[in-house]
Structure formats: C-alpha cells, structure tokens
Amino acid sequence: MRLVILGGPGAGKGTQAELLHRRLEVSWIATGDILRTAIAAKDADGDSQTELGRQAQNYVERGELVPDEVMIHFIRQRLLRADAASGWVLDGYPRTAFQAEELDFLLEDLHQHLDYAIALEAPESVLTRRSLARGREDDTPEAIQRRIALFLERTTPLLEYYEMRHRLIRINSDQPIDQVQQEILNHLGVG
Ligand code: AP5
C-alpha cells in the first residue's frame with residue numbers, strides 16, 4: 001500500500017505512520033526525521049554533514065520549508081530504493097502543491113499509484129500544545145508558529161487536490177492515538 005500522511009506540526013503524522021508501517025509492513029519515510037538526522041550527522045570538526053543536511057539546516061531550524069527542488073530530488077532517490085518497492089507511508093511529504101504534482105509524475109514513471117492521502121485534523125491549540133511538549137531543537141515557539149502558518153498556507157490546499165482525485169481520507173486526530181489508528185485502518189479496509 002502507498003500512503004501519504006498530511007497534517008500540521010504535532011498532528012500525529014509520525015505516531016500514526018509508525019503504527020501503519022508495522023501493521024501494513026511498508027516502509028516508513030519521515031522527511032522531517034531524515035532531515036534532522038542529516039543535519040546532525042557531523043563529526044567533531046563539524047564538517048561531515050551530508051549535502052542534504054547542509055541544504056536543509058537553515059530552513060528546518062527556522063520552521064521554514066526546505067526548497068521544493070531539494071525535497072523532490074530526495075524523494076525521487078528514496079522511492080527508487082529497493083525497500084520502497086513493496087509499499088510505503090510518506091510522513092511529512094508532500095507539503096506543497098508542487099511536491100504533490102511531482103510525486104504523481106514520479107509514480108507515473110514508476111507505474112505505481114497512490115492509494116490514499118490521510119489528513120490528520122486537530123485544532124491549532126492542540127497542534128501547538130503537542131509540539132511544544134516535544135521539545136526538539138527546532139520546536140521553539142517561533143518555529144512552531146511558522147510551521148503552523150506554512151501548513152495552513154501551503155499544505156491545506158493539498159486536501160482539495162487529493163479530494164478531487166478521490167484519494168482523501170479525513171481523520172479527527174484530536175482523540176486517543178489508538179482510536180485515530182483504528183479509524184485509519186477502518187477507512188483502509190484493513191481494520
Ligand atoms: P516534521 O518533522 O515533519 O515536522 P512537523 O510537521 O512539524 O511534525 P512533527 O514531527 O512535529 O509532528 P507529527 O505530526 O509527526 O506528530 P507526532 O506524531 O510527532 O518536519 C520538520 C521540518 O522539516 C519542517 O519544519 C521543514 O523545515 C522540514 N520538512 C519536512 N518535510 C518537508 C517537506 N516535504 N518539504 C519541505 N520541508 C520539509 O506527535 C507529536 C506529539 O504529540 C508527540 O509527542 C506524540 O506522542 C503526541 N501525540 C501524537 N498523537 C497524539 C494523540 N492522538 N493524542 C495525544 N498525543 C499525541
């Protein structure tokens with residue numbers, strides 16, 4: 001199965017993606033975590049950061065979106081890897097209309113199709129509270145505010161994009177983790 005998970009910061013994308021990865025036995029590709037790992041990959045001199053880390057650091061720290069060209073190139077390489085052949089759940093990608101369109105082109109090239117886009121929906125106050133409680137380096141109040149603003153501005157239009165393609169599943173993620181997961185599985189027909 002091939003799934004994308006959409007949602008603001010703290011919506012529960014990572015939490016639900018990990019559960020789906022285990023349940024459906026598909027690859028879990030979390031762009032935020034991959035970028036953080038790439039940024040942190042420095043030696044004592046601080047000069048072994050990967051190219052991806054170098055390109056992303058400034059953006060991730062400020063809660064800005066990493067440029068589309070960087071992300072699209074990364075996802076193309078990632079989905080060509082062998083472990084992606086039997087299915088995946090994309091956690092945090094796509095985030096812009098351009099990324100969504102490019103993902104469709106890529107899947108066309110690969111003769112694959114997306115099964116569903118799962119939108120995790122929760123009030124802004126819940127997103128802020130959960131994100132602040134995480135306390136990662138880039139979870140400053142300013143960066144969280146910026147991530148929420150960018151989600152509303154750049155990512156919510158994707159709901160319509162996937163709805164028009166009859167691919168959208170909307171889930172209320174302001175409820176216990178198990179319940180959110182169960183609702184997703186019910187929609188996927190594997191509950
Ligand atoms: P990313 O890591 O994707 O950040 P995010 O969208 O802000 O999401 P989070 O990881 O904060 O939250 P989540 O929705 O995964 O929630 P989680 O399950 O962790 O991206 C970071 C940065 O990378 C971006 O700002 C950007 O710079 C860059 N980036 C990434 N992808 C990009 C792209 N495609 N294009 C451009 N730039 C990109 O849960 C959060 C907390 O809530 C946890 O503590 C969890 O235990 C708790 N929780 C979860 N569900 C529930 C529940 N139902 N009830 C109670 N608590 C819950």
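Leaving aside neighbours within four places in sequence, leucine 103 is in contact with Val4, Ile75, Leu79, Leu90, Tyr93, Pro94 and Tyr162. The model in which these contacts appear is a predicted one. Leu103 makes a handy starting point for a tour of the interior, since the residue belongs to the largest nonpolar core, a set of 32 residues. Within this core, the members that touch the most others are Val4, Ile75, Leu79, Trp88, Leu90, Leu103 and Tyr162. At least two core residues come from each of strand S1 (2-6), helix H2 (31-40), helix H3 (51-62), helix H4 (68-79), strand S3 (88-91), helix H5 (97-109), strand S4 (116-121) and helix H8 (157-164). H4 gives the largest share, six residues. Another core, of 19 residues, lies apart from this one and includes Ile118, Leu127, Val180 and Ile184.

H4 itself deserves a look. This helix has twelve residues and spans 16 Å from its first C-alpha to its last, close to the 16 Å expected at 1.5 Å a residue. Its buried residues are Asp68, Val70, Met71, Ile72, Phe74, Ile75, Arg78 and Leu79. Among the elements that cover them are S2, H2, H3, S3, H5 and H7.

Helix H1 (residues 13-24) also has twelve residues, and its first and last C-alpha atoms are 16 Å apart, close to the 16 Å expected at 1.5 Å a residue. Buried along H1 are Lys13, Gln16, Ala17, Leu20 and Leu24. Viewed down the helix axis, these buried residues fall within an arc of 100°, so they line one face of H1. The pattern follows a familiar rule: an α-helix has 3.6 residues a turn, so residues three or four places apart point the same way. The partners against which the buried residues of H1 pack are S1, strand S2 (27-30), S3, S4 and helix H9 (177-188). Just after H1 comes glutamate 25, with a positive phi near 55°.

Attention can now turn from packed side chains to open space. The largest pocket holds about 880 Å³. Its lining is made up of 45 residues, and those nearest the centre are Pro9, Gly10, Lys13, Arg95 and Arg136. Two or more lining residues are given by each of S1, H1, S2, H2, H3, helix H6 (124-134), helix H7 (141-155) and H9. H2 provides the largest share of the lining, five residues. Lys13 thus has a place in two parts of this account: the residue is one of the buried residues of H1, and it is also among those nearest the centre of the largest pocket.

Notes
Residues numbered from 1 in each chain as written. Predicted model: local features only at pLDDT ≥ 70, side-chain atom pairs only at ≥ 80, totals over all residues. Heavy atoms only, no water. Core = buried A, V, L, I, M, F, W, Y, C linked by side-chain atoms within 4.5 Å. Buried < 20%, exposed > 50% of the residue type's maximum accessible area, 1.4 Å probe, protein only. Helix = DSSP H or I, 4+ residues; strand = E, 2+ residues; numbered from the N terminus. Contact = heavy atoms within 4.5 Å. Expected span 1.5 Å × (residues − 1). Arc of directions from axis to C-beta. 1 Å grid on protein atoms, 1.4 Å probe; cavity = no way out; pocket = protein on both sides within 12 Å on 5 of 7 lines; lining within 4 Å. Points joined across faces, edges and corners; volume = space filled by probe spheres on them.
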